[in-house]
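User: I'd like to go through some of the labels on this structure and hear the reasoning behind each. Can you take them with me one at a time?

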Amino acid sequence: MTLPFRRRHHDDESTHDRARALTSAQMLDALAPADEAWLGRHLEACAECRRDREAFLADRDLLRSLRTTTPEPPRDLWARTSAAIEVEARRKRRIPAAGRPAAPSGSARPRWSAFPIGAAAGVLVLVVVLGSVFFPGQEPSTQSAAPASDRVGIVTPGPQPQATNLAITADRVGWIRSGADGSWELVFSDIDEVCPQAKPGCENLGAGQVGQQIDLGAAPDGITISPNEDQLVVEQRGDVTQPGQVYVVPVPTATPATTPEPTDPGTETHDPGFSLPIETPLVSPEATPGSSPDNGVLIATGVAMVGEAAYSADGDWLAFSARPSDGSTGPDLYLWRVGDESALPVTSDHATYFSSWLDDQVLASRVAPASAEPPAEGETDGESPAPTKPGKGEGGKPESSGKPAPAESPIAGPSEAPAAASKAHPISFLLDPETGTQTDLASPDVWLPVVDPSGHFVAYWSGTVVLSADGLDWQLGSGDVVLDGWTADPDTEPAATADPDASPVAAGPGPSGNPVVLVKGPAGAYKAKFDPDGTRLAVWVAESATEDQGRLQLIVLDPETGAIDTGKKPLGGEPALGRFSIDNGRLAWVTPPGQDGQDSSVQVLGWKGDDFGEIQTIPARDLFIVR
């Protein structure tokens with residue numbers, strides 16, 4: 001459904017016609033439960049239809065009031081009207097129209113040809129008014145009720161000039177769509193203009209556009225495209241009959257595909273530069289027959305991806321988190337270098353979650369292990385273990401320099417899973433995929449941080465995490481989604497916090513310590529992404545960690561100060577699926593199925609400076625945003 005502050009340009013007009021018809025019918029009789037529920041959702045989202053409904057109700061109340069307050073027409077009303085008609089008719093007979101000879105005497109003419117139009121209109125209005133007065137039991141048909149602008153006594157203006165579409169310069173949008181025959185298409189569409197918000201008139205995005213045929217095998221659960229758009233990473237979560245898997249499909253191009261072929265058995269593969277925490281990978285290149293495309297390269301099997309996968313900016317590495325598809329443990333962090341035989345897990349704590357890339361390093365979060373030390377003063381039993389303090393190295397012992405020391409092992413986290421607890425404190429860290437060097441962020445209780453490409457700001461969940469009911473996943477606990485400054489240089493002085501009574505944040509990479517709440521908790525899940533300039537931040541929040549439907553908002557930031565421009569709210573909570581894409585000049589997402597009784601569509605919000613507009617595709621099933 002649309003947001004309350006605007007009507008989308010692409011809404012099917014029949015949707016609004018249905019809302020008006022149901023509003024009219026509701027004035028006469030109770031609606032069916034399904035129709036009443038649909039109308040309520042539509043009116044909540046569509047300001048124009050709400051205004052029409054208020055106008056309908058106002059007209060009905062006005063007409064009904066005439067039952068008890070019958071107007072008294074002047075006694076000589078008809079006499080004066082009749083006399084005026086006669087005078088006007090005689091005048092018309094004496095003055096022939098310009099360029100037309102006077103009619104010969106005695107010639108027959110239609111009676112209404114001499115009847116003045118203005119007087120006829122007055123009689124018609126009089127008949128309508130008197131009819132409603134003297135026949136109060138007959139309510140007007142609300143099925144064809146006129147909007148407020150057509151009421152008697154209100155001058156209806158002529159056609160209003162339509163707003164000009166907004167020309168923008170934005171990166172193109174890519175999505176996957178399914179065909180009626182079970183095939184899949186990859187579609188790219190340029191965005192050069194959008195419709196001003198609340199104004200109709202844009203052609204559908206990608207209308208008449210033919211996509212590239214893609215072999216994806218079975219229906220995917222998630223798709224990611226490489227930066228140079230030559231590879232698709234396809235996720236299949238599997239089921240009881242088939243293990244989950246992750247494979248790479250080359251994107252067909254006019255020139256020979258550049259996707260490296262898998263290496264032959266026995267051929268030396270890329271050495272990541274550090275030892276893996278386990279002797280053999282938890283993945284196998286063996287594919288389940290018929291489950292993957294003919295030209296796909298299987299890089300992981302027997303796993304279910306947690307969250308989304310993402311390529312590094314140079315396209316050399318792919319990172320994601322996954323757990324065994326049999327549900328035996330929680331997720332670990334996986335890395336795949338393009339051209340290698342398979343993705344490899346680089347953690348074994350079963351509680352590590354990939355968040356994003358920061359330049360050529362992975363940003364990820366894990367759950368702090370339970371501490372063997374007694375609770376600190378003021379901490380009651382049953383509370384979560386104290387977070388690992390900034391400036392502590394392996395084992396929690398203070399470092400003499402006060403700086404976080406790299407872990408002695410490339411494993412991001414302990415070899416044992418953290419003790420099960422109802423609540424725990426997260427730790428986020430940077431990992432170099434080339435060397436395996438790990439650096440914990442200075443601030444505790446930072447979960448799934450995302451840093452803007454300019455390195456100035458960071459968005460993250462600030463708070464605790466809780467264990468899921470099945471004991472496998474960590475989900476958002478108490479806290480908020482916040483925006484903060486980013487400190488990248490570990491040699492900087494400690495940063496002051498927003499709380500003057502709090503201790504300063506230790507020097508090191510991480511948030512600067514002046515968070516601003518973007519979304520107040522509680523929440524079930526969240527995702528955040530910056531545009532390349534760091535001036536637009538898209539935040540998606542869901543009420544439940546198990547749902548893929550939430551609400552998406554776009555926040556405008558001052559590029560110098562990072563202050564939120566509260567005067568600009570181009571997107572304040574649009575229903576959206578969890579996978580979205582933000583790039584230069586535009587934000588793209590997929591609407592949840594069932595909105596206004598339709599299938600999903602790819603929705604794009606585009607901008608040029610401080611002006612915003614929208615465009616979308618026609619509704620369809622099985623849509624996946626890829627860029």
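User: What makes Q209 buried, partly exposed or exposed?

Analyst: This is a predicted model, so the label rests on a computed value. Q209 has a relative accessibility of 27%. Buried means under 20% and exposed means over 50%, so Q209 counts as partly exposed. You'll find Q209 in the loop between β2 and β3 (212–214). Its C-alpha atom and that of F188 are separated by 8.8 Å, with their positions 21 residues apart along the chain.

User: And G307, which class does that one fall in, and why?

Analyst: G307 has a relative accessible area of 43%. That value is neither under 20% nor over 50%, so G307 is called partly exposed. G307 sits in strand β8. The C-alpha atoms of G307 and S355 are 8.3 Å apart, and the two residues are 48 apart along the chain.

User: How do you know that E308 and K527 make a salt bridge?

Analyst: The cut-off is 4 Å between a side-chain nitrogen of Lys or Arg and a carboxyl oxygen of Asp or Glu. For E308 and K527 the N to O distance is 2.8 Å, so the pair qualifies as a salt bridge. The pair also ties together distant parts of the chain: E308 is in strand β8 (residues 303–311) and K527 is in strand β21, 219 residues apart.

User: What makes E308 and K529 a salt bridge as well?

Analyst: It's the 4 Å rule again. The closest N and O atoms of K529 and E308 are 3.6 Å apart, so they come within the limit. This pair, too, links distant parts of the chain, with K529 in strand β21 and E308 in strand β8, 221 residues apart.

User: Why do E308, K527 and K529 get the exposure labels they have?

Analyst: E308 has a relative accessible area of 17%, and since buried means under 20%, E308 is buried. K527 has 23%, which puts K527 in the partly exposed class. K529 has 25%, so K529 is partly exposed.

User: Over to helix α1. Why are D17 and R20 said to be about one helical turn apart?

Analyst: Because D17 and R20 are 3 residues apart in helix α1 (residues 13–26). Their side chains meet in a salt bridge, with N to O at 3.1 Å. D17 has a relative accessible area of 41% and is therefore partly exposed; R20, at 22%, also counts as partly exposed. D17 and R20 belong to a network of salt bridges that includes E48 and D52. Under the 4 Å rule, the count comes to 19 salt bridges.

User: What makes D190, D192, E193 and E203 a negative surface patch?

Analyst: Asp and Glu count as negative, so the four residues carry like charges. Patch members need over 30% relative accessible area and no salt bridge, and like charges are joined within 9 Å. Take E193 as an example: its relative accessible area is 35%, so E193 clears the 30% bar and is labelled partly exposed. E193 lies in strand β2 (residues 184–196).

User: Why is Q603 called buried?

Analyst: Its relative accessibility is 0%, and buried means under 20%, so Q603 is buried. Q603 is in strand β27 (residues 602–608).

User: And what makes Q603 and E614 a polar contact?

Analyst: The side chains of Q603 and E614 are joined at 3.1 Å. The limit for such an N or O pair is 3.5 Å, so this one counts as a polar contact.

User: Now the backbone. Why would anyone flag a positive phi or a cis bond?

Analyst: Because most residues other than glycine have a negative phi, and most peptide bonds are trans. D445 has phi near 55° and isn't a glycine. L448 also has a positive phi, about 55°, without being a glycine. For the bond, G521 and P522 are joined by a cis peptide with omega about 5°. P522 is in the loop between β20 (516–520) and β21 (525–530).

User: Where are D445 and L448, and why are they labelled as they are?

Analyst: D445 is in the loop between β15 (438–440) and β16 (446–451), and L448 is in strand β16. With 17% for D445, the value is under 20%, so D445 counts as buried. L448 has 18%, so L448 is buried by that cut-off.

Definitions and conventions
Residues are numbered from 1 along each chain as its sequence is written. This is a predicted model: local features need pLDDT of at least 70, side-chain atom pairs count only at pLDDT 80 or more; totals for chains, interfaces and linings use all residues. Side-chain values use heavy atoms; hydrogens and water are left out. Patches are made of residues with over 30% relative accessible area and no salt bridge: like charges are joined within 9 Å, nonpolar side chains (Val, Leu, Ile, Met, Phe, Trp, Tyr) within 5 Å. Accessible areas come from the Shrake-Rupley method with a 1.4 Å probe; for residues, only the protein chains shown count as cover. The place of a charge is taken as NZ of Lys, CZ of Arg, CG of Asp or CD of Glu. Helices (H or I, at least four residues) and strands (E, at least two) are DSSP runs, numbered from the N terminus. Buried means under 20% relative accessible area, exposed over 50%, partly exposed in between (1.4 Å probe, protein chains only). A polar contact is a pair of N or O atoms within 3.5 Å; within protein, one must be able to donate a hydrogen and the other to accept it, and residues adjacent in sequence count only if both atoms are side-chain atoms.
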